[in-house]
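Reader: I have a structure open on my screen and I am new to this. Could you show me how to read it, one feature at a time?

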Amino acid sequence: MSEAAQQRAAETRKRLEEAAQKKSEEERAASQKYKRTEYKTGKLTEEEKQKRLAEMMGNAKSHEELRGDRIRKAAEAEAVSDGKLVANEAGVGGRDGGDAFLKAASKAVYGAMSGEKGSLAARIGSRKHFHQG
């Protein structure tokens, strides 16, 4: 064999060995992918504890800020919707007509006499009229 052929054969063998090694590493990594790792609880160093505590406190602070924003927005929306309830007495249209709709429905079902406007006699007469049986 010529020297050039021997050199090409050596390079080919080297490439094949590298490919085989790479394939075995990939297989090993694939088998490790679903392997459960062992976690040791309670074995944190003081530095790790301080780092985790700072992280948790930061998360708690941001959570409280977001919670405060949500509460503030809900209070503002409720204050705005209270004004809309008076304007939206019929319960028709609008997004904030939920309570107004219930008021209007109960007024339609129980009538205007359900409040302070009707007398006892009018209520009894109404019940007689709608009584089935």
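Author: Let us go through the overall build, the confidence, the salt bridges and a surface patch.

Reader: Which elements does the protein chain have?

Author: Start by listing helices and strands. This predicted model has four helices and zero strands, so reading from the N terminus on you meet α-α-α-α.

Reader: How much of the protein chain is buried?

Author: Buried means under 20% relative accessible area. Of the 133 residues in the protein chain, 7% are buried. The accessible surface comes to about 12,700 Å², and carbon and sulfur atoms account for 54% of that surface.

Reader: How do I read the pLDDT, and which helix has the lowest mean?

Author: Where pLDDT is low, the predicted coordinates should not be read in detail. Here the mean for the protein chain is 79, with 78% of residues at 70 or more. Among the elements, helix α3 (residues 98-110) has the lowest mean, 74, while helix α1 (residues 3-33) has the highest, 90.

Reader: Where does pLDDT stay under 50?

Author: That happens over residues 85-91, a stretch for which the model has 13 contacts beyond four places in sequence. Helix α2 covers residues 46-87, so take care at the end of that range.

Reader: How many salt bridges does the structure hold, and how do I recognise one?

Author: Look for a side-chain nitrogen of Lys or Arg within 4 Å of a carboxyl oxygen of Asp or Glu. The structure holds two. In one, R67 pairs with E64, and their closest N and O atoms are 3.8 Å apart. In the other, R72 meets D69 at 2.9 Å, N to O.

Reader: Where do R72 and D69 lie?

Author: Both are in helix α2, three residues apart, which is about one turn of the helix. R67 and E64 also lie in helix α2, again three residues apart.

Reader: Why does R67 count as partly exposed?

Author: Because its relative accessibility is 39%, and partly exposed runs between 20% and 50%. Its partner E64 is partly exposed too, at 46%. In the other pair, R72 has 47% and D69 has 32%, so both count as partly exposed.

Reader: Which residues make the nonpolar surface patch?

Author: For a patch, look for nonpolar side chains on the surface. Here L53, M56 and M57 make one of about 320 Å². Take M56 as an example: its place is in helix α2.

Reader: Is M56 buried or exposed?

Author: M56 is exposed, because its relative accessible area is 53% and exposed means over 50%.

Definitions and conventions
Residues are numbered from 1 along each chain as its sequence is written. This is a predicted model: local features need pLDDT of at least 70, side-chain atom pairs count only at pLDDT 80 or more; totals for chains, interfaces and linings use all residues. Side-chain values use heavy atoms; hydrogens and water are left out. Patches are made of residues with over 30% relative accessible area and no salt bridge: like charges are joined within 9 Å, nonpolar side chains (Val, Leu, Ile, Met, Phe, Trp, Tyr) within 5 Å. Accessible areas come from the Shrake-Rupley method with a 1.4 Å probe; for residues, only the protein chains shown count as cover. Helices (H or I, at least four residues) and strands (E, at least two) are DSSP runs, numbered from the N terminus. Buried means under 20% relative accessible area, exposed over 50%, partly exposed in between (1.4 Å probe, protein chains only). pLDDT is the predictor's confidence in each residue, from 0 to 100. Contact means heavy atoms within 4.5 Å.
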